[in-house]
Amino acid sequence: MNNTQVLRKGTILIPTGPCDHLHVICNNPVFYPYLVKECVLAVNISTVNALIDYDNTCILKIGEHPFIKHDSYILYRKADIFGVNSISRNIDDGSFSTHQPFDDNTFEKILAGFAISKEVRPKIKSFYNKFCI
């Protein structure tokens with residue numbers, strides 16, 4: 001099993017709905033007592049659709065990451081805590097794939113949104129405050 005790809009600023013493509021969505025890993029793995037295992041916080045990036053309401057806390061433009069081909073936003077309400085071993089198993093079996101990490105500036109912009117967005121669930125905000133800052 002290879003945990004080296006599940007690190008802060010890293011990105012993973014996870015099948016959600018009809019296509020793979022880019023997820024950002026927000027911290028290096030930490031032991032999370034609530035789940036009794038090594039965990040990371042990851043958040044989904046979704047394409048802006050002007051016909052659908054979206055959280056405009058953190059908008060990413062084309063060029064901020066090679067995977068981003070349209071204006072996109074961070075879907076803070078879908079941020080979640082994932083077990084590192086589970087992610088690694090999915091990478092190893094081909095269910096998930098990795099992509100290029102974010103640069104420091106864009107990554108910090110994404111993290112800053114956790115403090116601003118009204119869509120971050122309390123459990124996620126607590127994990128973010130404890131392990132991602």
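User: Leaving aside its neighbours within four places in sequence, which residues is Ser46 in contact with?

Analyst: His21, Ser72 and Tyr73. This is a predicted model, by the way, and Ser46 sits in strand E4.

User: Why is Ser46 called buried?

Analyst: The cut-off for buried is under 20% relative accessible area. Ser46 has 14%, so it counts as buried.

User: OK, let's step back. What makes up the secondary structure of the chain?

Analyst: Three helices and seven strands. Starting at the N terminus, the order is β-β-β-β-β-β-α-β-α-α.

User: How do you know whether the chain is as compact as a globular protein of that length?

Analyst: Set the radius of gyration against the globule rule. The chain comes out at 14 Å, and the rule gives 14 Å for 133 residues, so the chain is as compact as a globular protein of that length. If you like boxes, the C-alpha atoms fill one of roughly 40 × 30 × 25 Å along the principal axes.

User: How much of the chain is buried?

Analyst: Buried residues are 42% of the 133. As for the outside, the chain exposes about 7200 Å², with carbon and sulfur atoms supplying 52% of that.

User: What share of the contacts comes from residues 24 or more positions apart?

Analyst: Among contacts with a separation of 6 or more, 63% are between residues 24 or more positions apart. Phe127 gives you a pair to look at: Phe127 and Asn27 are 100 residues apart in sequence, yet 10.0 Å apart in space, C-alpha to C-alpha.

User: How do you know that Phe127 and Asn27 touch, and what else does Phe127 touch?

Analyst: Contact means heavy atoms within 4.5 Å. Not counting residues up to four places away in sequence, Phe127 touches Asn27, Val30, Tyr32, Cys39, Val40, Leu41, Ile81 and Cys132.

User: Is Phe127 buried or exposed?

Analyst: Its relative accessibility is 2%, and the limit for buried is under 20%. So Phe127 counts as buried. Phe127 belongs to helix H3, where Ile124 and Tyr128 are buried as well.

User: Why do the buried residues of H3 line one face of the helix?

Analyst: Look down the axis of H3: the buried residues fall within an arc of 100 degrees, so they line one face. In general, an α-helix has 3.6 residues a turn, so residues three or four places apart point the same way.

User: What covers that buried side, and which exposed residues are on the face turned away?

Analyst: The cover includes strand E3 (30–32), strand E4 (37–47), strand E6 (72–83) and helix H2 (104–116). On the face turned away you'll find the exposed residues Pro122 and Lys130.

User: What makes the phi of Val36 worth a mention?

Analyst: Most residues other than glycine have a negative phi. Val36 has a positive one, near 55 degrees. Val36 is in the loop between E3 and E4.

User: Why is Val36 called exposed?

Analyst: Exposed means over 50%. Val36 has 60% relative accessibility, so Val36 counts as exposed.

User: And why is Lys9 called partly exposed?

Analyst: Partly exposed runs between the 20% and 50% cut-offs. At 24% relative accessibility, Lys9 falls in there, so Lys9 is partly exposed. Lys9 lies in the segment before strand E1 (11–16), and its phi is positive too, near 80 degrees.

User: Last one: how many charged side chains are there?

Analyst: There are 14 positive and 13 negative side chains, and the centres of the two sets lie 6 Å apart.

Methods. Residues are numbered from 1 along each chain as its sequence is written. This is a predicted model: local features need pLDDT of at least 70, side-chain atom pairs count only at pLDDT 80 or more; totals for chains, interfaces and linings use all residues. Side-chain values use heavy atoms; hydrogens and water are left out. Helices (H or I, at least four residues) and strands (E, at least two) are DSSP runs, numbered from the N terminus. The radius of gyration is taken over C-alpha atoms; the globule rule is 2.2 Å times the number of residues to the power 0.38. Buried means under 20% relative accessible area, exposed over 50%, partly exposed in between (1.4 Å probe, protein chains only). Accessible areas come from the Shrake-Rupley method with a 1.4 Å probe; for residues, only the protein chains shown count as cover. Lys and Arg count as positive and Asp and Glu as negative; His and the chain ends are not counted. The place of a charge is taken as NZ of Lys, CZ of Arg, CG of Asp or CD of Glu. The arc is that of the directions from the helix axis to the C-beta atoms.
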